[in-house]
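Reader: Could you take me through how the labels on this fold are justified? I'd like to see the reasoning behind each one.

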Amino acid sequence: YVDRARLEANIRRLLQSRAQVSLRDVVSNFPLEQGLAELVAYLSLAADDERAVIDERDRDTIEWATPGDERRSATMPRVVFTSASYR
């Protein structure tokens, strides 16, 4: 189970000091604890938010560690959350 409220709180926390934040920035500040499942939950939040931007022209690589300390990564369209979405 991925706690979407916790993920939204992470986004909201970063948006307190800026107008927008990329998913890469969010994950840099709040590393993925549940790996790919958590990353998919962040993507779901962006897809459900009409003010979030999923930019197919730019790519970001998101990295995380598995419980066995293996490094994983996913390259995806850039995702940007805006403060208008999280007031």
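Author: Sure, here are the sheet, the helices against it and one aspartate, bearing in mind that the model is predicted.

Reader: What makes strand 1 and strand 2 edge strands?

Author: Look at the order first: the three strands run 1-3-2 in an open sheet, with antiparallel pairing. Strand 1 (20-22) and strand 2 each have a single partner strand, so one side of each has no neighbour in the sheet, and that puts them at the edges. From one strand to the next, the twist averages 30 degrees.

Reader: How do you know that strand 1 and strand 3 pair?

Author: Pairing takes at least two bridges. Strand 1 and strand 3 (residues 71-82) have three, in the antiparallel sense, so they qualify as a pair. As for Val21, its bridge partner in strand 3 is Phe81.

Reader: And which helices sit against these strands?

Author: Helix 1 (residues 4-15) packs on the sheet, where it touches strand 1 and strand 3, and its direction makes about 130 degrees with that of strand 1. Helix 3 (residues 35-48) lies across strand 2 and strand 3, at about 20 degrees to strand 3.

Reader: Why is Asp55 called buried?

Author: The cut-off for buried is under 20% relative accessible area. Asp55, which is found in strand 2 (residues 53-65), comes in at 15%, so buried is the right word.

Reader: What does the side chain of Asp55 reach?

Author: The backbone nitrogen of Arg57, at 2.9 Å. That falls within the 3.5 Å limit for a polar contact. Leaving out residues up to four places away in sequence, Asp55 also touches Pro77 and Arg78.

Key: Residues are numbered from 1 along each chain as its sequence is written. This is a predicted model: local features need pLDDT of at least 70, side-chain atom pairs count only at pLDDT 80 or more; totals for chains, interfaces and linings use all residues. Side-chain values use heavy atoms; hydrogens and water are left out. Helices (H or I, at least four residues) and strands (E, at least two) are DSSP runs, numbered from the N terminus. Buried means under 20% relative accessible area, exposed over 50%, partly exposed in between (1.4 Å probe, protein chains only). A polar contact is a pair of N or O atoms within 3.5 Å; within protein, one must be able to donate a hydrogen and the other to accept it, and residues adjacent in sequence count only if both atoms are side-chain atoms. Contact means heavy atoms within 4.5 Å. Axes are lines fitted to C-alpha atoms, for helices over the stretch in contact, and angles run from 0 to 180 degrees between N-to-C directions.
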